[in-house]
Amino acid sequence: MSDAAGTARLRAHAISVGYRSRDVLHDLTLAVPTGQFTALLGPNGSGKSTLLRAFAGLTTLRAGEVTLDGHALSTLSRRRLAQYLSLLPQTPHAPDDLAVGDLVAQGRYPHRRLFTPWSSQDQAICNDAMRLTDVDDLAARPLGRLSGGQRQRAWIAMTLAQSADILLLDEPTTYLDIAHQLDILDLLRRLVRDQGKTIVAVLHDINHAARFADRICLLKEGRIVSSGAPRDIIQPDSLKEVFSIEATILHDPQDGVPVCVARR
Amino acid sequence: MTASDAAPLPQHRRPRWLRGFGLILAVAVLPVLALWALNVGNAAISLDRLIAAATGFDASREHVILWEVRLPRVLAGLLVGAQLAVAGAIMQAVTANPLASPGLLGINAGAAFAVVLAIALAGIDGAGTLMWFAFLGAGAAAVAVYALGSAGQGGATPLKLALAGAVLTAFLASLTTVILLRDQTTLDNVRLWSVGSLSGRPMAAVLAIGPWGLAGLAGAVLASGPIMTLSLGSDLSRALGQSIGLWRAISALMVVLLAGTAVALAGPVGFVGLVVPHMARLLVGPDYRWVIAYSAPLGAGLVVIADTALRWLSGVDIPVGVTLALVGGPVFIALVRRQGWNLR
C-alpha cells in the first residue's frame, strides 16, 4: 500500500463497521490510488460492498475514519461530498417510465441550489456523460425499454453527470451478459485513462479484475488480505486463502495479463 | 471534451413545451369552473350579474349570497382540492408508496379528530384557531401511522402503511362519532363537516386558513426538485448529495400543513389526495416536479366539479366528501387494475 500512499485522496484509516453484534469490517486501512482503477474482490460477505459504502460516507463507522483530502467524511456535508465522489449502488431503482435524460439530469443535484435554474452548462455536462456512455441516442427512451447493458450505462451516465473525480461502483457488471460486461469494464478503463477519474469497483470476476483494473484489493472476512498490481495479487496462494479455490495462473500470450483457471 | 462539443440531443418523448402548455391549460380552466360553480345554486345568477356583483356590491340578497355563500364555497373547494392532491403527491414520492395519501394514511382522520375534540370539549370556534388543532392531529397521526407501519419485518412497506392508516382512520372515526353523538344539538354543522363538506364555510374561515394553504402549495412547488430526488430512494439520494433527514422532515411538515389546513376548512375529504397524483402521473410521467405542479390544478378542478355537478344536475346538495368517495372508489380500483401494483 505504501506505493500508493503519496497519491491517495481517499483513505480508510483503521475503520471498523458492524451491524448489530456482527463486525463486517475489522480495523481496515486502505488508500485509494488517485487516477487508477481499483477492483475490490472477495467472496460473498467479505465486506466489499460495505467498504464501498464506507468510502461513500453511507455507513456509520464503529471506529476509525474515512478521509477525503485529509478531511474526515463525517465533517463534510453530503452535498460537498457528492461533488467529489459519486456512488452507484448495486441495484439502483428508478421508475420504469423515467426517461434516460431525466435520470442523468439527477446527477447534477449536488451542483445546483434550490432556486438555480437548469443551465446550459448542466445540460452540456449531461450530454457529455451520455455520449461517453453511448446512451446519447437514448435520452428520450424510458428506462423500462432499455436492455440491461443500456440501463447500466444510463446509471453510469448519471454518476458521471455528478462531475465527481472519484467513482464508486458496486458490482456494475452483475446480471449483464458477457459482451455488456466487457463494454462496461472497457468504459471504466477509458474513464480512468481519458478523464483522469479514480474508480473503485466491486467486481466478482477475478479475470475481469486482472484485465481491467490497475490495482486489486482482496478482502476476506472484513480484512484486506492483499492489495497491489494484478500480476502480484493473482497468485495461487492468495486465491486459495481468500476464495478457498485451487487455481492455476496462466498468462495471456498476447499481453501477459494473468488468467486464473479455477480447478476446484 | 468541452461543453461546446455537445451535439444537439433528440427531444424528449413528450416535448417539454407540451407539458408546460398542458399545465397552463389546466390552470386556465379553473376560473371557468369557478364561474360555473358560482352560477349554480337555488337561484341561478347570470354571468353579467356575476360581473355586476364583483364590480359593485349593493348588499342585495343576490350579492350577499354570492359573496357570503357561493364565493367562499368555491374558493374553499379550489384550495382544498389543490392542497390534498399536492399532499398526496408528496407522500407518494417520499414513501415510494402508490397508496400514500392523506386520506388513506390517516392524516385527515387525525386532523378531523383533533378539530372535533377542540370544538366539543374546549368549545373552541374560529377557523384560525381550529387550524392549529388540525396541524396537531395531522402531525400526531402521521407519526403514529409511520411507527405502526414500520413495526415488524421489512420496515414501512406500502401495504403495512396503508393497513396502519386504515386502522387509525377507523379508530379515530369511531371516536369522532362518539363525540358527535353525545352532543347532538350544537354540532349539526360539525357533523356535516366531519364527512367532508364545503357548504356553510364563512368567508372569514377561508381568509383565515387560505394563506396557510397557499404557503404550503408554494413551498411544495419550490421543493419539488429535491422531492423528485428523494423519490429515487435513500441510497441514491444520499449518494447524490441530498440530506434525506432534512428533506423528509420538510416534506412531512408540508404534508401536515397542506392536509391540516384542508381538513380545518372542509373536513376529511378523501380520494383527491390518492387519485389525482396518479392522474397527473399518467399525463406527465414520473417526474415529481411535474406531478406536483399538475396535481394542484387537477385537484382543485376535481373538488369543485364534485361539489357542483350534483347540485347542477339535480339540485340536491350532497357533501363533497360523499360524492368523491362514490366517484373515487371505482376510479381507484381502475387505477390499481391498470398499474398492477406490487404492494409488498
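**Chain contacts, a sheet in chain A and a helix in chain B**

In this predicted model, 23 residues of chain B are in contact with 32 residues of chain A. On the chain B side, the largest share comes from helix α10 (residues 234-239), which supplies 4 residues. Sorted by class, the side of chain B that touches chain A consists of 11 nonpolar, 8 polar and 4 charged residues.

Within chain A, a good place to look next is an open sheet of 6 strands, arranged in the order β6-β7-β8-β3-β9-β10 with mixed pairing. Its edges are formed by β6 (85-88) and β10 (223-228) of chain A, each of which pairs on one side only. On average, neighbouring strands of the sheet are turned by 15° against each other, direction ignored. Strands β7 (residues 166-170) and β8 (residues 198-202) of chain A run parallel and are joined by 5 bridges; A:L169, for instance, has A:A201 in β8(A) as its bridge partner. Helix α9 (residues 236-243) of chain A lies across β9 (215-220) and β10 of chain A, running at about 155° to β10(A).

Turning to chain B, helix α12 (residues 272-284) has 13 residues, which at 1.5 Å a residue should span 18 Å; the end C-alpha atoms are 18 Å apart, in agreement with that expectation. Of these 13 residues, 10 are buried, so α12(B) is largely enclosed by the rest of the structure. Among the buried residues are B:V272, B:L274, B:P277, B:H278, B:R281 and B:V284. Just after α12(B), B:G285 takes a positive phi of about 85°.

Note on methods. Residues are numbered from 1 along each chain as its sequence is written. Chains are lettered from A and ligands numbered from 1 in the order in which they are written. This is a predicted model: local features need pLDDT of at least 70, side-chain atom pairs count only at pLDDT 80 or more; totals for chains, interfaces and linings use all residues. Two residues are in contact if their C-beta atoms, placed from the backbone, lie within 7 Å. Helices (H or I, at least four residues) and strands (E, at least two) are DSSP runs, numbered from the N terminus. Ala, Val, Leu, Ile, Met, Phe, Trp, Tyr, Cys and Pro count as nonpolar, Asp, Glu, Lys and Arg as charged, and the others, Gly among them, as polar. Two strands pair if DSSP finds at least two bridges between them. Axes are lines fitted to C-alpha atoms, for helices over the stretch in contact, and angles run from 0 to 180 degrees between N-to-C directions. The expected span of a helix is 1.5 Å times one less than its number of residues. A residue is buried if 20 or more other C-beta atoms lie within 10 Å of its own, exposed if 12 or fewer, and partly exposed in between; C-beta atoms are placed from the backbone.
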